[in-house]
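Here is a short report on one protein chain and the ligands around it. Look at the structure first, then read on.

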Amino acid sequence: MSETKVVYSLCCMCTGRCPIMVEVENGVIKHIWGNPHVFGAKSLCPRGAAGVAFEYDNERPQYPMIRDGERGSGRWKRVSWEEALDFIADKLKGVMENHGAKAIALSDRGGPHTELHKLFLRAIGSPNYFTHHATCSNSVHNAHMSIAGHARNTVGYDYKNCKYMVVFGRNLLESLITGEARNVIDMISAGGKLVYIDVRWTYTASKAYKFFMINPGTDYALVLALINVIVNNNLYDVDFVNRYVVGLDYLRAFVQPYTPSWAEKETGIPAEEIVKIAYEASEAKPSVIFNPGWMTAWHEDDFYLRRAIYTLNALMGSYEAKGGIVIAKGAGDAGFKIKQPTSLAPKVTEERCDGAGSKYPWIRAQWGLLQKLPEVIESGEPYPVKAYIAMRHDPIASMPDPEVWIKAFDQLDLLVSIDVNWSWTSWYADVILPESTYLERTDNVIVRKGLKPQLALRQKVIEPRFDSRSRFQIFKALAERLGKGEYFPWKDEIEMVNWQLEGTGFTFENFSKKGVIDLSKDPIWYDRSNLKFDTPTGKIEVYSEFLEKAGIPSLKPYESPKAPPENTLRLITGKKALHTQGRTTSNNPILNELTPENHLYIHPSFAKRIGVKDDDLVEVSSNGVSERIKVRISPFVHPQVAYMLHGFGDPVPLRTRSFGKGASDVKLMKGKLKVGVGGNCPLFETFVSIKKI
Ligand SMILES: Nc1nc2c(c(=O)[nH]1)N[C@H]1C(S)=C(S)[C@@H](COP(=O)(O)OP(=O)(O)OC[C@H]3O[C@@H](n4cnc5c(=O)[nH]c(N)nc54)[C@H](O)[C@@H]3O)O[C@H]1N2
Ligand SMILES: Nc1nc2c(c(=O)[nH]1)N[C@H]1C(S)=C(S)[C@@H](COP(=O)(O)OP(=O)(O)OC[C@H]3O[C@@H](n4cnc5c(=O)[nH]c(N)nc54)[C@H](O)[C@@H]3O)O[C@H]1N2
Ligand code: SF4
Ligand SMILES: [Mo]
């Protein structure tokens, strides 16, 4: 008799962690749906649904391997888990004896499923934990930290009740997270107005009430002009600003030169439209969101743009307002305490190798500056780093300058890649550890923060198909081998989950009914007359004494972005709904069939100049690097930019579907392994020349 069941869990086909409902028949996954108890419907983004194709694809590492040839030669020997873990532990012991634990670095994607990696690093005593945010949200996180005292993701958006939202290059409906995209559509259906700013047309633009194609890298001019109109015409929320904003006079004086007609020349957006946005937003306040996006522009000065966008939200009084920016409520707000594994080990106080939090005091250590790691490895300054664990992270594919990474890796005593796919980094690793997929493992309990906080759990749906292990098993085994087993006191994942839930009245079993546990029946709002921001003044610091002391202006005078040198275009990249980042989905059997390669989108005026038509093959070059790619000609990209999807030009032959298809953006972004003011790599400061082949 056939046995069917439904298991609730969390997706991991991107960073969104959407709640899912998995249909299983006789131990085989048949379909992955959205969790209807959370979404009110079963639909899911295409990548989430393609999790079935990922699970049953054999083109992934199937057992632990140790390198058996030159780095990058693709020669490996299969080993048992015991051998692989012993090998790693021996190397780590050697590194610790010679250089101390701080010579061991680990990077991952950040987020709440990193507890066990961080616990491992704390247990052995290394401060060198990095996230992937140097090429994701670093400047937004650090900007919000500096202005409101919290990370970007400790505030959310009350989209459903929002009446007016201005979005800066955050492609909400393509670079999507299922629940967020749904909420944005609900907002528009309910009559909320979306104003979308980008350098190219996107699906999000297609749903917008107004779309403006802005001159690349000039968003800061637009924001300064909006502030100018708002403060000069008293369009701001006076009560909120008087109560919570530090630096209104500074702001008022600062923005005086930045008039709408000045901004029109910079941005290409008509002055009267800028004035209209300011007035329309003000009418809708406080149910207004100026959405700073995730990284949009990736320009060196991005940090100031983000601070200025958050300033607009403060002026609208939209913090903790219905339809505005809401402070995300956690378990504590609902009267629950969830124990976190990292709390078992003391924080490491030793200085980090990248200068985050020390040389760069405004850049928080919790995300780090991964772009500094190759330099540290090469130079041994401020101290040697000799071992590196890339955990659910592919730095070579997701950061600029692959050759710099590869060269630095040659200086390491140990490079470990823990992945579910063949990543570019794993191709150079000494040891590859295949993690059990997200459908084959249970992770730690997470809190889904928001107005109504919930607990959620990624849990094992089927047995691992290959000789893989979960992150729990891997880090516990390594800690034990290094004499730190006491920090991983649980027998297995379920015991850990139950430990996390101790005192709440819930257990592992409570997730079986609908996948999540509601911690609050009603939305939790803080008292708007008594808000507390985690800054030195407890207020929103438009003027920040802390930054000024560190030599960073609170707002920087505007400088026009560099114009592309003659016959070049600014290279920009992004995502589409069918793919995730660099290596998570490009080889996925279904998604690869739908989008097997990327194209270079250019404006007809430039196409005419270089004599190309749709689908012609061109050579794109920057800084001595060239890639080949087909062109698409579109009037919907700004005449000064060339756009391509991120994550193609796969160099790993074992990924037969994606190998060699399309062009690699990270190769072209040569020389961008730098520290922008907010800690981001300035990826979009890349200019390319293009010629027909
Ligand atoms: N030029 C350019 N660079 C970019 C971007 C861009 O648009 N343009 N986008 C940037 C952004 S926003 C981000 S967030 C970063 C992302 O950069 P990364 O975090 O490196 O993103 P991915 O390539 O998706 O995932 C990294 C690795 O995690 C592996 N993985 C997936 N699921 C699991 C799992 O369950 N367990 C384990 N152990 N491994 C897993 C994947 O196979 C992949 O090899 O890239 C950034 N880099
Ligand atoms: N389908 C899909 N969804 C995803 C992901 C994925 O890989 N695939 N990744 C997830 C992750 S980790 C992240 S961080 C988010 C990222 O979400 P987004 O930040 O929305 O991601 P991108 O697609 O990189 O979008 C960047 C946008 O900035 C625009 N842009 C470039 N230069 C400028 C400029 O000067 N001004 C303005 N206003 N716009 C500019 C680009 O044209 C592009 O549309 O997406 C998440 N969701
Ligand atoms: S947005 Fe899509 S791929 Fe990302 S977690 Fe949600 S369902 Fe999965
Ligand atoms: Mo990201």
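## A buried loop residue

Glu440 sits in the loop that joins strand E17 (431–434) to strand E18 (446–448). The model shown here is predicted. Is Glu440 buried or exposed? Glu440 has a relative accessible area of 2%. The cut-off for buried is under 20%, so Glu440 counts as buried. Its side chain reaches the backbone nitrogen of Arg465 at 3.1 Å. Leaving aside residues up to four places away in sequence, Glu440 touches Glu55, Arg60, Lys460, Ile462, Glu463, Pro464, Arg465 and Ser468.

## Three domains

The domain assignment gives domain 1 (65–131 + 337–439 + 465–487), domain 2 (159–323 + 533–549) and domain 3 (568–692). The C-alpha centres of domain 1 and domain 3 are 29 Å apart. Their contact takes 23 residues from domain 1 and 24 residues from domain 3.

## Ligand 1

Where does ligand 1 lie? Domain 1 and domain 3 both give residues to its shell, so ligand 1 lies between them. There are 31 residues around ligand 1, and Ser398, Asp419, Glu435, Arg583 and Thr584 come nearest. Strand E16 (414–419) and helix H23 (665–668) each supply at least two residues of this shell. By class, the shell has 10 nonpolar, 12 polar and nine charged residues.

Several polar atoms approach ligand 1. A polar side-chain atom of Thr584 is 2.6 Å from an oxygen atom of ligand 1. A backbone N or O atom of Asp394 lies 3.0 Å from an oxygen atom of the ligand. His646 brings a polar side-chain atom to 3.3 Å from a nitrogen atom of ligand 1. On its own, ligand 1 has 910 Å² of accessible area, and the protein covers 98% of that.

## Ligand 2

Ligand 2 has its own pair of domains. Domain 2 and domain 3 both give residues to the shell around ligand 2, so it lies between them. The shell holds 32 residues, of which Asn171, Ser175, Asp198, Asp219 and His579 come nearest. These 32 residues divide into 11 nonpolar, 13 polar and eight charged.

Backbone atoms take part here. An oxygen atom of ligand 2 is 2.7 Å from a polar backbone atom of Asn171. Lys576 has a polar backbone atom 2.8 Å from a nitrogen atom of the ligand. For Leu176, a backbone N or O atom lies 2.9 Å from a nitrogen atom of ligand 2. Taken alone, ligand 2 exposes 920 Å², and the protein buries 99% of that. Strand E10 (193–198) and strand E22 (568–574) are the elements that give two or more residues to this shell. Which element gives the most? E22 does, with three residues.

## Ligand 3 and the shells by class

Ligand 3 has 13 residues around it. Cys11, Cys14, Arg17, Cys18 and Cys45 come nearest. The table sets out the three shells by residue class.

| Ligand | Nonpolar | Polar | Charged |
|---|---|---|---|
| Ligand 1 | 10 residues | 12 residues | nine residues |
| Ligand 2 | 11 residues | 13 residues | eight residues |
| Ligand 3 | eight residues | three residues | two residues |

## A covered helix

Turn now to helix H5 (residues 115–124). How many of its 10 residues are buried? Eight are, and the helix is mostly covered. The buried residues are Glu115, Leu116, His117, Leu119, Phe120, Leu121, Ala123 and Ile124. Their cover includes helix H4 (81–99), strand E6 (104–108), strand E7 (129–131), strand E15 (387–391), helix H18 (471–481) and helix H19 (493–501). Just after H5, Gly125 takes a positive phi of about 95°.

## Two more residues

Ala278 lies in helix H13 (residues 271–284). Ala278 is buried, with a relative accessible area of 0%. Leaving aside residues up to four places away in sequence, Ala278 touches Leu226, Val229, Ile230 and Leu235. Ala278 and Gly538 are 260 residues apart in sequence, and their C-alpha atoms are 27 Å apart in space.

Pro635 belongs to the loop between strand E25 (625–633) and strand E26 (641–645). Pro604 is 31 residues from Pro635 along the chain, and their C-alpha atoms are separated by 6.1 Å. With residues up to four places away in sequence not counted, Pro635 touches Met213, His603 and Pro604.

Notes:
Residues numbered from 1 in each chain as written. Chains lettered and ligands numbered in written order. Predicted model: local features only at pLDDT ≥ 70, side-chain atom pairs only at ≥ 80, totals over all residues. Heavy atoms only, no water. Near = heavy atom within 4 Å. Polar contact = N/O pair within 3.5 Å; in protein donor to acceptor, adjacent residues only side chain to side chain. Areas by Shrake-Rupley, 256 points an atom, 1.4 Å probe, with all protein chains shown as cover. Helix = DSSP H or I, 4+ residues; strand = E, 2+ residues; numbered from the N terminus. Nonpolar A, V, L, I, M, F, W, Y, C, P; charged D, E, K, R; others polar. Domains from an automatic or database assignment. Contact = heavy atoms within 4.5 Å. Buried < 20%, exposed > 50% of the residue type's maximum accessible area, 1.4 Å probe, protein only.
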